[in-house]
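Notebook open, coffee in hand. I want to see how the helices pack and where the charged pairs sit.

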Amino acid sequence: MLTALIITLSRTIIGTGLMVMASGFIGYLMTKQEMWARKFWYRFLIVTMYFNAGIIPAFMTMQMLGLTNNYLVYIIPGIVAPYNIILVKTYIESIPAELEESAAIDGASYWAIFTRIIWPLCKPILATIAIFGAVGNWNSFQDSLIYMQAQPKLFTLQHILWNYLNRTTNLGALMSAGSTVLTDAQREALSSQKVIKYTISMITAIPILIVYPFMSKYFEKGIMLGAVKG
C-alpha cells in the first residue's frame, strides 16, 4: 500500500508539473506568427484529439519504446496534452500584445519574455490545467493495468483498489449464491478486503478534496478566459 501511494503521488507531482510546463511553452509557441509551419503543427496537434489508434497499437508502441513495465510510462505519454495547450494558447492571445512588444524593443529574447512576462500572467490558466492533470494522474489506473503486468511493485493506488473491488465482488457473489461454502479464511479475507476497500477509497479522494479549494480561485477565471476564443 505504501509503495502504491508513493508511485501515485510521485506520478501526480512529476507528471502534472511536466505537463503544465510543456503546455505553457508550446501554447506560447503556437501564438507566434513567425514560428516555422505554425499552422501545420497546430492542426497536427488538434487532429490527435479526434483520432486514436486504440489500446493494442498503443501497447505495441509503448512496448517498442521500452516503456512497458517502466515507471516512465506514467510520465512521458501525458506530457503533451493538446486540449490544455489550446487553452493556454487562447489565454495567451488574450494578453495585450503591447507587453511583449515593449519587452522585445528592450532586447528581451523569446525565452525571457515567456519566463518573465507570459508565465507569471498565465497563473490562472496554468492552475486550471494543473487541476485537470492532477486529478487525471491521481485517478488513473488503466495505464497501470495495461502496461505494468509484470511489475506489481509499480501498481498505482487506483489499480490496487480495483483489484480489491474485484476480489470482494467475487467473494460476495459466492456468499450470495449459497452454493459454495466459504472457509473461515475466505470469510475473514472478505471482511478485511471490505475494510481496505473503504480505506483506499478515502485515501484516494481526500488529497484532491484538500488541494482543490486552494486552486479553485484560479479555476473559474482560467477556464473562462482560456475557452472564449477556442
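I started with H6 and listed its buried residues (under 20% relative accessible area; exposed is over 50%, partly exposed in between, 1.4 Å probe, protein chains only): Ala-112, Ile-113, Phe-114 and Ile-118. They pack against H1, H4 and helix H5 (97-105), contact being heavy atoms within 4.5 Å. Helices here are DSSP runs (H or I, at least four residues), numbered from the N terminus.

Ground rules: this is a predicted model, with local features needing pLDDT of at least 70, side-chain atom pairs counted only at pLDDT 80 or more, and totals for chains, interfaces and linings using all residues. Numbering runs from 1 along each chain as its sequence is written, and side-chain values use heavy atoms, leaving out hydrogens and water.

Next I looked up the largest nonpolar core (buried Ala, Val, Leu, Ile, Met, Phe, Trp, Tyr and Cys joined through side-chain atoms within 4.5 Å). This core has 18 residues, and Ile-118 and Ile-129 are among those with the most contacts inside it. H1, H4, H6 and H7 each supply at least two of its residues. A second, separate core has 15 residues, including Tyr-147 and Leu-157.

Then salt bridges (Lys or Arg side-chain nitrogen within 4 Å of an Asp or Glu carboxyl oxygen): I get 3. Asp-143 pairs with Arg-11, closest N and O atoms 2.8 Å apart, linking H8 to H1 across 132 residues. Asp-143 counts as buried because its relative accessibility is 13%; Arg-11 is buried too, at 2%. Lys-32 bridges to Glu-100 at 2.6 Å, and both are buried.
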